[in-house]
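Biologist: Could you take one part of this model and go over it closely with me, along with whatever packs around it? I'd like to follow it with the structure open on my screen.

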Amino acid sequence: MTANTSFQPVLDRIAEEIAELTDRGTPADYIPALAAGDPRDFGMAVAELDGTVYGVGDWQRPFSTQSVTKVFTLALALAGEGEALWAHVGREPSGDPFNSLVQLEYEHGIPRNPFINAGALVVTDRLHRLTGDASGSLLDFLRAESGNPDLAFDAGVAASEAAHGDRNAALAHFMASYGNITGPVPDLLSEYFRQCSLEASCADLALATGFLARHGLRADGSRLLTRSQAKQVNAVMLTCGTYDAAGDFAYRVGLPGKSGVGGAVVAVVPGRCTLCVWSPGLDSRGNSVAGVTALDRFTTITGLSVF
């Protein structure tokens, strides 16, 4: 595609193809608000570097962002702490489920990457240490980058996650025993569950991810990350952003991406645009079936990928 070509016809074509998709997966069932999702729901948005947004389907409908927020807490922690962050969390794919405890003992409480639950807990802990309000810092950032001052957390979803949060509590306490969690674990868990309960739309998230396509520049032109740091975040998204299906995602889509069990996936075309797609039906590894299919079709139709 040429730089001045509208993405709208591409999105319209993808929506028509997704409408014919019969296997949409199953919504996450451990959070009641997610279990009630309809796999037939679908939205997709593309945001260009200047903030122009194209959308189709339910692209302006808010949903539970869940693990997609891990991209933004990572960026904020990296901006505040720099290279020292990587002493507390690795950059390697895990090969295990996102809430696995197995590797932490072998690796002395240092999680493999920032996008598995253990790694995200460490990042939230580091961000809270830097700011005194990790979830508030996240919300302020997302409101500014999306241009939507009404973004908010869903207290009901956060409470539901807390009620089913024993595994995350175990991860946090285990890492604390190695000195890799600095604050009180109950406070960290509250921040983490709140962070994951954020509600936003495809348009909001596509716009908010734009700093990664602009090589670290925020929507107002100020710099959040150095060009090298933006590259680092994109690289970790590509290799670790879709749970233990990152290899298949790279093969099919060919873009840095981050998924969440609410059914959203964000993706980055560095120097060109950012995308968000949402459909709550998940595959066995926690990624949106229709979402990954739509991104696969986007890169195939447009020829835009990092490869």
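Modeller: Let's take the open sheet of 3 strands, which come in the order β3-β5-β4 with antiparallel pairing. Bear in mind that this is a predicted model, where local features need pLDDT of at least 70 and side-chain atom pairs count only at pLDDT 80 or more, while totals for chains, interfaces and linings use all residues. Residues are numbered from 1 along each chain as its sequence is written, and side-chain values use heavy atoms, with hydrogens and water left out.

A word on terms: strands here are DSSP runs of E with at least two residues, helices are runs of H or I with at least four, and both are numbered from the N terminus. Two strands pair if DSSP finds at least two bridges between them. At the edges of our sheet you'll find β3 (63-64) and β4 (152-153), each pairing on one side only. β4 is joined to β5 (residues 198-200) by 2 bridges, and these two strands run antiparallel. If you want a spot to click on, Ala 152 stands opposite Glu 199 in β5.

Now look at what lies across the sheet. Helix α9 (residues 185-196) crosses β3, β4 and β5, running at about 15° to β5. For that angle, axes are lines fitted to C-alpha atoms (for helices over the stretch in contact), and values run from 0 to 180 degrees between N-to-C directions.

Zoom in on Gln 195 in α9. With a relative accessibility of 1%, Gln 195 counts as buried; the cut-offs are under 20% relative accessible area for buried and over 50% for exposed, with partly exposed in between (1.4 Å probe, protein chains only). Leaving out residues up to four places away in sequence, Gln 195 touches Thr 69, Lys 70, Thr 73, Thr 124, Ser 135, Leu 138 and Phe 153, where contact means heavy atoms within 4.5 Å. Take Leu 138: it is 57 residues from Gln 195 in sequence, yet 7.5 Å away in space, C-alpha to C-alpha.

Lys 70 is worth following too. Its side chain makes a polar contact of 3.0 Å with the side chain of Asn 117. (A polar contact is a pair of N or O atoms within 3.5 Å; within protein, one must be able to donate a hydrogen and the other to accept it, and residues adjacent in sequence count only if both atoms are side-chain atoms.) Asn 117 lies in helix α5 (residues 117-131) and is buried, at 6% relative accessibility.

Back to the sheet, and to helix α7 (residues 155-163), whose buried residues pack against α2 (32-35), β3 and α9. Those buried in α7 are Val 157, Ala 158, Ser 160 and Glu 161. They sit on the same side of α7, because they cover an arc of only 160° around the axis; the arc is that of the directions from the helix axis to the C-beta atoms. As a rule, an α-helix has 3.6 residues a turn, so residues three or four places apart point the same way. On the face of α7 turned away from the buried side are the exposed residues Ala 155 and Ala 163. The N-terminal end of α7 is capped by Asp 154, with a side-chain oxygen 2.9 Å from the backbone nitrogen of Gly 156.

On the β3 side, check the loop between β3 and α3, where Gln 66 is found. Gln 66 is not a glycine, but has a positive phi of about 50°. Gln 66 is also buried, with a relative accessible area of 2%.

Finally, the nonpolar packing. A nonpolar core is a set of buried Ala, Val, Leu, Ile, Met, Phe, Trp, Tyr and Cys residues joined through side-chain atoms within 4.5 Å. The largest one has 62 residues, and Phe 72, Leu 212 and Leu 225 have the most contacts inside it. Helix α3 (residues 70-81) supplies the largest share of this core, 7 residues. Setting aside neighbours within four places in sequence, Phe 72 is in contact with Leu 138, Phe 141, Leu 142, Leu 205, Ala 208, Thr 209 and Phe 211. There's also a second, separate core of 25 residues, with Leu 11, Ile 18, Val 253 and Val 277 among them.
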